[in-house]
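Me: Hi! I'm new to reading protein structures, and I'd like to go through one with you. Could you put it up so we can start?

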Amino acid sequence: MRQFFAVTVAFALLPNAWAQMPGVEMKEGMKSRMPTMPSELPRWMNSRGLDEIFYKRGPYNWAIDRIPAFAKDMYATGVGHAMAYEALVTGQANQLESKVFSKIDWVLQHPPSMPVDEAAISPRFVQKYGYLEKVFDWAHTLHFQTIDVFSHPGMTDAEKEVEIDRLWKFYQSEPYAITGLPMNMEYLDSFPYSMTFRTNYPKVNGLFWGYHWLQTVNYDMLYRVPVKDHVPQYEVLGEQYRTSELYKTDRDFMPMTAEMSPRFAKRFPYIANAFDNLHMLHDNVNDILAYPGLTEIQKEHQIKIAIYRVLETTHAGQKAGEGEPMTLHDHRHPPSIPGMGMMKGSEDDVMFMSGMGWMDMSECAHCSIALPEEGPWGATVSANGWTMMVRCMMCARDMAAETPGRAIIRAATEDENRLLVMISDEEGNWTSNIKDVVFLEVFGQHPECSSWSRAFTSQAAFEKFVQANPELKEIKPLSLEAWSKLNYGTPETYRKIDRPNPYRSGGGATPPSDGGSK
Amino acid sequence: MRRLITLGCCALIASVSLASDHNNLDKERPLRFEDAYSIAYRSFEFQNGLRLDTFRRGKPVYNFRSEIQYGFSKNKDIAIGFEPSYSSESRKAVGNAVEFSYFEGFAREIGDKPALGYRVDVGIPVSGGKGVALRARGILTKTVGQFDKIHVNVDVLHSTEAEPNTRQMSLGAVIGYSRPLGYPRRFDQTLLAEFGVEQSRQRGGNLNGWVGLGMRRQLSSTGVLDFGIQTDLFRDKLEQASPVRLTVGYSVNF
């Protein structure tokens, strides 16, 4: 027995430090500007349990693996997040832009084929900020499960939409859920620490925003798009992600879900908002960890406050579309985009989009005519990293032609259950997911373009439409090849909104290194 | 045969937890120790494994272990398992015991404080044994350095009806080590090692001690393959030492 106890006691004598953390002490000059602790934080933030939660059961789980390259890139984003966070809390911040960046980049270019356990890659970060990991994990679960549902071949589009709503309710049932209300992004990015990370670590910040580009651009690739058309689209988007989006250091702001996936954001605005709020939380955390003016304890407190700001429970009883500007409960949104909070400088539907300039989101991005509120929504064009909504097929084609590189058009047809997906090569040669697609195009006045520039799933469908519209009876259907050769350039109705970049003082070319209240 | 049943019952008592993640360590998958975390809330985990015990002066014993766990609450799971065995010496298979387990991981690692958990197992013999075998296990998991983890498991075993000349209560402890293998380029496997001691079941007997080395490897989003090798370092003279004990298993969660 003595022998036994001797061995046991030896086991128990592990390196251990139970020291209490020092008290909070804000530095002089910060008190009025640094966010202060709310009167009561949710109790779960102080829970000692790991509180791991399993995802909702369903036949769709891990259907993301049906798009292997996309799945791998998504799995690698977890590694990238974890490695950067671990470096920030283990005294390797000075290597972030060099050694750590190279390590992350290697993984991004050689992504894992299975999901990774982020907590295992960043053990010190999780020990310190376990409550934050619960919020991240739960939101990432929503990310993956919504993708799984859309990627699953065994459900109709209608069934998928119902299941997405169930997933949202499932997500909301836990206290770690992030609000689906729009939040003012300018406000969330206006604290003394804001923009520190992107200023001090532009390359790694570029990676983070690259992940967020991938995590938001995929939804329009998947939403109401036949499963067989997912992989071909990702060949375009994946290449864009790996060769360009990850390495952009000149973005003005993080990619927003409604910018990258406008159709999805319109249908599920609460999910789009939750993802944006999650991504903003990532930015807040990055900035807090990188901000040199905070002690370790102050960082912990600021991270708890940042979590509190975006939690569903914090905004109970609040309504989308309402709120006092530039406050915690500023839940206004551009009228035509319920899935996005107000941005810096935005007025109604006019907002600044990084890389695109000022846009009126209620208008066609190509002809500046108002997008119809009802009926077929026209098309979206994805090219060179952006996605824009347009009124008609002509606008889609001609806008894509103005942009170098490959493009994707996702367009409504006469059959609301059949989405046309067209992909162009570098030379502008289009392929279509609908073999018998034909087009109607009679160049006329742009304000009516959505009636004379359309796509049909077959010649029969075209003829039926023409019969119902006698003024078009002389018009012949255009094959994809013939339609592809047309180009009417920039329409006369196009109206460029000429205002300075709100993120860059003086309209300079450098990305914002300060902003908000700084 | 009763001895085999008793041994099987004791081997089964002390089971598992955790989700099918190669970093989450479960008892007997493939080594004896486990970490201080339960499986995820609302998840099921189905674990199966084969173990071969070799002996210098005897023929091998084959064990099949199967267990299903359910995370019925945050940080808590329950499980039911069985572990039939086949002795090539006696050429007989026995069912040994059905085991019911409760696990709670009540603290994760925060700062320098270790993760803590415990389990209670109840083994009920199904093929001839008598009484009920109980095990209480305290578990501590602590990260040392950046990725290395130490796991300490301390066991108290109690038999309600001990056989003549055997202990009614005995103690044991395992110190385990784990480390992910392949960082920062691969993220799908974990190396494990252990050193354990336990009191011999013989009344007045000495300590038994063993070492083990194992690997857990993620095979899919939900499945983990494990394999391990153990050897007895010292054993009470009335018990047979196993120079090589091989284990292979597969776990899946759903």
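Me: Thanks! Which residues touch the most other members of the largest nonpolar core?
Reply: Keep in mind that this is a predicted model. The largest nonpolar core has 157 residues, and those touching the most other members are Phe70(A), Leu132(A), Leu281(A), Ile307(A), Ile409(A) and Phe439(A).

Me: And where does the largest share of this core come from?
Reply: From helix α2 of chain A, residues 68-89, which gives 13 residues. Both domain 1 (43-315) and domain 2 (363-485) of chain A supply at least three residues each.

Me: Is there a second core too, and what does it include?
Reply: A separate core of 8 residues has Val438(A), Ala461(A), Phe462(A) and Val466(A) among its members.

Me: Back to Leu132(A): what does it touch, leaving out residues up to four places away in sequence?
Reply: Leu132(A) touches Phe125(A), Leu281(A), Val285(A), Ile303(A) and Ile307(A).

Me: New topic. How many helices and strands does chain A have?
Reply: Chain A has 19 helices and 9 strands.

Me: What about its radius of gyration, and how does that sit with a compact globule?
Reply: Chain A has 25 Å, and a compact globule of 518 residues would be near 24 Å, so the two agree. Along the principal axes, the C-alpha atoms fill a box of roughly 100 × 55 × 45 Å.

Me: Last one: how many of the residues count as buried?
Reply: In chain A, 58% of the 518 residues do. The accessible surface of the chain is about 20,800 Å², and carbon and sulfur atoms hold 52% of that.

Definitions and conventions: Residues are numbered from 1 along each chain as its sequence is written. Chains are lettered from A and ligands numbered from 1 in the order in which they are written. This is a predicted model: local features need pLDDT of at least 70, side-chain atom pairs count only at pLDDT 80 or more; totals for chains, interfaces and linings use all residues. Side-chain values use heavy atoms; hydrogens and water are left out. A nonpolar core is a set of buried Ala, Val, Leu, Ile, Met, Phe, Trp, Tyr and Cys residues joined through side-chain atoms within 4.5 Å. Buried means under 20% relative accessible area, exposed over 50%, partly exposed in between (1.4 Å probe, protein chains only). Helices (H or I, at least four residues) and strands (E, at least two) are DSSP runs, numbered from the N terminus. Domain bounds come from an automatic or database domain assignment. Contact means heavy atoms within 4.5 Å. The radius of gyration is taken over C-alpha atoms; the globule rule is 2.2 Å times the number of residues to the power 0.38. Accessible areas come from the Shrake-Rupley method with a 1.4 Å probe; for residues, only the protein chains shown count as cover.
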